[in-house]
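Work through these short exercises with the coordinates open. Each task is followed by its solution.

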Amino acid sequence: MMVLFVLSFRLFRQREEQLELWATNYKKIKELEQALHRLDESPYFEFQPQNQRYELMVPVQFEQWGYQIPQKYTKNLVEAGKQLQALLEEADRASIANELDVKYLVVVEGMAARDPKNQEINQDPEFIQRTYLLSYQRALALTTL
């Protein structure tokens, strides 16, 4: 009977230590999530709960088939980039302090649209390739501001 008690006590103790570790890690993760949710206060980003991501909300109107970002949009885009960079640096410092190995993925999309008036051309493989290239060029223009 004593052996069963000792064995049970040891298993309960191991389980308790494991749960404490999980609780500590969960708390650290929640702190990092809170840091990221500071983007909610930014006029430049909007959280999309269905995708669990933030989207840049600075509207940019390009010339047709153009990829140069018009000057009137650069101030807001640069400011949004600075906010995002500062937030990621702060979250990175917090993850290092909490001994977490956290990685962030920033996706920059050009999002060139298909032709809304001519559905037939939207099926053309060459046209599709041109829109992919244009999307890439627009995303690249944003990252080089």
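**Exercise 1: burial and surface**

Task: find what share of the 145 residues in the protein chain is buried.

Solution. Buried residues make up 21% of the 145. Buried means under 20% relative accessible area, exposed over 50%, partly exposed in between (1.4 Å probe, protein chains only). The chain exposes about 11700 Å², and carbon and sulfur atoms supply 55% of that area. Areas come from the Shrake-Rupley method with a 1.4 Å probe. The model is predicted: local features need pLDDT of at least 70, side-chain atom pairs count only at pLDDT 80 or more, and totals for chains, interfaces and linings use all residues. Numbering starts from 1 along each chain as its sequence is written, and side-chain values use heavy atoms, without hydrogens and water.

**Exercise 2: overall shape**

Task: set the radius of gyration of the protein chain against that of a compact globule.

Solution. Take the radius over C-alpha atoms; the globule rule is 2.2 Å times the number of residues to the power 0.38. For 145 residues, a compact globule would come out near 15 Å. The protein chain has 24 Å. Next, check the extents: the C-alpha trace spans about 80 × 35 × 20 Å along its principal axes.

**Exercise 3: element order**

Task: in what order do the elements run from the N terminus?

Solution. Count first: 3 helices and 2 strands. These are DSSP runs (helices H or I, at least four residues; strands E, at least two). The order is α-β-β-α-α.

**Exercise 4: V6**

Task: place V6 in its helix and classify its exposure.

Solution. V6 lies in helix α1, residues 2-36. Its relative accessibility is 47%, so V6 counts as partly exposed.
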